[in-house]
Amino acid sequence: MPPAASLPLATIFYFLFQAIVPTDGFHFFFTGFLLGYLVYDRIHYATHHAHINGGKLWMAIKTHHLKHHFKDPDKGFGVSSPIWDVLFKTDYTKKQ
């Protein structure tokens with residue numbers, strides 16, 4: 001996501017989390033949230049643009065996510081792992 005969108009969103013999440021997360025753990029929580037988002041964003045970018053020779057696992061993740069864009073936009077949201085689609089019931093049926 002471009003900085004023009006991500007910085008205002010990060011600011012909103014900062015104040016939202018500050019209001020609901022206990023003071024003692026707030027900075028750890030927010031740092032973890034930002035790092036998790038950065039990892040997600042890099043994986044998402046790589047599934048679209050990178051030519052990585054990462055073997056079968058990488059190709060499975062990339063294929064799974066690209067189905068989301070080109071086959072069924074209501075499924076396949078699990079960018080870093082298809083496990084998220086199983087948990088949230090947005091996985092593909094075996095026929096697809």
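1. The largest pocket of this predicted model has a volume of about 290 Å³. Its lining consists of Met-1, Pro-3, Ser-6, Leu-7, Leu-9, Ala-10, Phe-13, Phe-33, Leu-34, Tyr-37, Leu-38 and Asp-41.

2. Two helices deserve mention in connection with this lining. Helix H1 and helix H2 (26–49) each contribute at least two residues to the lining of the largest pocket. The greatest contribution comes from H1, which supplies 6 residues.

3. In chemical character, the lining of the largest pocket comprises 10 nonpolar residues, 1 polar residue and 1 charged residue. Asp, as in Asp-41 of the lining, belongs to the charged class.

4. Aromatic contacts form the second topic of this note. The count of aromatic pairs comes to 12. In one of them, the ring centres of Phe-17 and Phe-29 lie 4.9 Å apart and the ring planes stand at 90 degrees; because planes over 60 degrees apart count as edge-to-face, the pair is assigned to that class. The pair connects distant parts of the chain, with Phe-17 in helix H1 and Phe-29 in helix H2, 12 residues apart.

5. The two partners of this pair may also be described by their accessibility. Phe-17 has a relative accessible area of 10% and is therefore buried, the limit being under 20%. Phe-29, with a relative accessible area of 39%, is partly exposed.

6. A further pair is formed by Phe-26 and Phe-30, whose ring centres are 6.0 Å apart and whose planes meet at 15 degrees; the pair is stacked, because this angle falls under 30 degrees. Both residues belong to helix H2, where a spacing of 4 residues places Phe-26 and Phe-30 about one helical turn from each other. Phe-26 is buried, with a relative accessible area of 3%, and Phe-30 is likewise buried, at 11%.

7. The residues discussed in the preceding points also belong to a wider arrangement. Ring pairs join Phe-13, Tyr-14, Phe-15, Phe-17, Phe-26, Phe-29, Phe-30 and Phe-33 into a cluster. Phe-13 and Phe-33, both members of this cluster, also appear in the lining of the largest pocket.

8. Regarding confidence, the chain has a mean pLDDT of 84, and 97% of its residues reach 70 or more. Among the elements of the chain, the highest mean pLDDT, 92, belongs to helix H1 (residues 3–20), and the lowest, 82, to helix H3 (residues 55–70). Helix H1, with that highest mean, is also the element that gives the most to the lining of the largest pocket.

Key
Residues numbered from 1 in each chain as written. Predicted model: local features only at pLDDT ≥ 70, side-chain atom pairs only at ≥ 80, totals over all residues. Heavy atoms only, no water. pLDDT = per-residue confidence, 0-100. 1 Å grid on protein atoms, 1.4 Å probe; cavity = no way out; pocket = protein on both sides within 12 Å on 5 of 7 lines; lining within 4 Å. Points joined across faces, edges and corners; volume = space filled by probe spheres on them. Phe/Tyr/Trp six-rings, centres within 6.5 Å; stacked < 30°, edge-to-face > 60°. Buried < 20%, exposed > 50% of the residue type's maximum accessible area, 1.4 Å probe, protein only.
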